[in-house]
Amino acid sequence: MVKKHHDWKSGAVLEEHSQRKHKILAEYFRRYLKERCKNPRSRRFRLAILDGFCGGGYYKNDHQGSPVIFVKTLLETVKEINIDRGAQNMPMVDVECMMILNDCDPNAISEVRKALAPFEAEAKEEDSHVQLLTEYYTGQFETRVDHFRDRIEAKRFNNVICFLDQYGSSKVRRRTITNLMYSRKSVEIFLTYAIESLIAFLNQHDPNLLKKQLQHLELDANALEFSQELLSQQQWLGTAERIVFSCFCQCAPYVTPFAVNNPKGWSYWFMHFANQYRARQVYNDVLHNNSCEQAHFGKSGLKMLSHDPDNSSLYLFDMDGRRKALEQLPDDIARVIAEGGDTIRMGTFYETIYNETPAHSDDINTAIMENPDLEVLTPDERERRVPNRISLDDTLRLRKQRSFSFLHSSNRK
């Protein structure tokens with residue numbers, strides 16, 4: 001893919017797929033801050049943000065770039081959090097945030113300094129409860145990533161968000177993703193990936209694997225042409241999703257391989273990596289709040305990447321998708337419990353399933369409660385009756401007396 005240059009001084013154009021990414025990023029970061037600051041005893045939260053391809057801060061028509069999104073959302077959300085805390089007579093929380101901004105274009109760094117100046121001034125106000133430390137760098141991301149990681153470690157930030165909005169697929173190595181993921185205690189990474197570049201890479205380095213992955217579409221990897229007709233096929237979306245996941249599944253415990261939704265041609269992937277299931281759970285819920293921004297083709301319940309033509313469909317994180325998920329989830333969940341015996345702790349259950357489902361957390365809990373073959377027990381052995389009261393310390397168990405439909409499905413396995 002040809003390297004793309006933006007004219008930051010006169011105004012760069014923000015493409016539609018990037019607008020979709022930025023919308024998701026803004027809402028997720030807001031949810032992230034609220035989640036991490038919700039403990040009523042918390043008085044301080046420390047976070048490092050690494051934006052490896054930061055750009056100039058603003059695009060044409062005042063569209064916000066990622067650095068502005070991060071800082072603006074940070075200031076607004078901390079203020080919102082502390083207003084809520086004050087209303088409940090809880091102590092204020094102070095957030096210390098280190099931002100590392102890098103771009104290979106010196107003009108981008110010059111512009112982003114100007115763009116962030118008002119926000120940096122706002123952060124210095126006494127009532128902002130935000131301490132902002134911003135560092136600016138100019139260079140190729142891969143040549144500087146070790147320095148960035150060392151800076152974060154030297155400052156002892158254990159909570160890290162990396163936003164790697166590369167163009168194409170060649171600017172960030174998979175090994176770098178893995179190294180960043182395990183560099184600190186709590187790391188989350190957002191990565192933009194172009195499927196055409198990934199296919200070209202696999203065709204060069206592992207052609208046999210690629211041929212196997214494409215064979216059901218009757219495509220020859222050596223003669224693969226990325227026509228609009230191919231890229232807009234739902235089957236192609238499902239195939240590409242499995243290829244992306246298989247390439248990155250070893251990089252982190254939880255990998256979200258969904259494409260930026262574009263029915264005219266699914267070619268950009270906006271991926272989320274996390275080392276805790278709760279991050280994936282919140283990310284799924286954010287996607288449902290922004291329905292149709294990302295797309296999945298496969299199962300709506302668990303085992304979302306299973307190649308099952310009869311149960312595969314386009315899932316756009318909308319109400320139609322949620323209805324489909326509620327049809328698949330009860331049987332899927334019961335099957336997961338049965339495969340492990342008949343009992344599992346709720347926290348362990350979530351850890352087990354969340355790398356393989358696009359479902360909303362409410363739909364998973366509802367499916368559990370509505371399944372006649374399942375019961376949720378509190379630590380003192382009382383049965384839960386309401387989905388939103390389910391706790392991580394609860395126990396999910398198959399009932400002793402099971403329905404005919406469960407026994408029938410078990411016999412078919």
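Which residue in strand 13 does valine 376 stand opposite? In this predicted model, valine 376 stands opposite leucine 396.

**The sheet**

Strand 13 belongs to an open sheet of three strands, which run in the order 11-13-12 with antiparallel pairing. Strands 11 and 12 are the edge strands, and each of them pairs on one side only. From one strand to the next, the twist averages 20 degrees. Strands of a sheet pair through backbone hydrogen bonds, in either a parallel or an antiparallel sense. Between strand 12 and strand 13, the antiparallel pairing extends over four bridges.

The residue ranges of the three strands are listed here.

| Strand | Residues |
|---|---|
| Strand 11 | residues 343-345 |
| Strand 12 | residues 374-377 |
| Strand 13 | residues 395-398 |

A helix also packs on this sheet: helix 11, made of residues 319-340, touches strand 11, strand 12 and strand 13. The direction of helix 11 makes about 90 degrees with that of strand 13.

**Valine 78**

Another part of the chain offers a single residue to look at. Valine 78 lies in helix 2, which covers residues 66-87. Is valine 78 buried or exposed? Valine 78 counts as buried because its relative accessible area is 1%, under the 20% cut-off.

Leaving aside residues up to four places away in sequence, valine 78 touches Val93, Val95, Ser128, His129 and Val130. Aspartate 94 is 16 residues from valine 78 in sequence, and the C-alpha to C-alpha separation of these two residues is 7.9 Å.

Conventions
Residues are numbered from 1 along each chain as its sequence is written. This is a predicted model: local features need pLDDT of at least 70, side-chain atom pairs count only at pLDDT 80 or more; totals for chains, interfaces and linings use all residues. Side-chain values use heavy atoms; hydrogens and water are left out. Two strands pair if DSSP finds at least two bridges between them. Helices (H or I, at least four residues) and strands (E, at least two) are DSSP runs, numbered from the N terminus. Axes are lines fitted to C-alpha atoms, for helices over the stretch in contact, and angles run from 0 to 180 degrees between N-to-C directions. Contact means heavy atoms within 4.5 Å. Buried means under 20% relative accessible area, exposed over 50%, partly exposed in between (1.4 Å probe, protein chains only).
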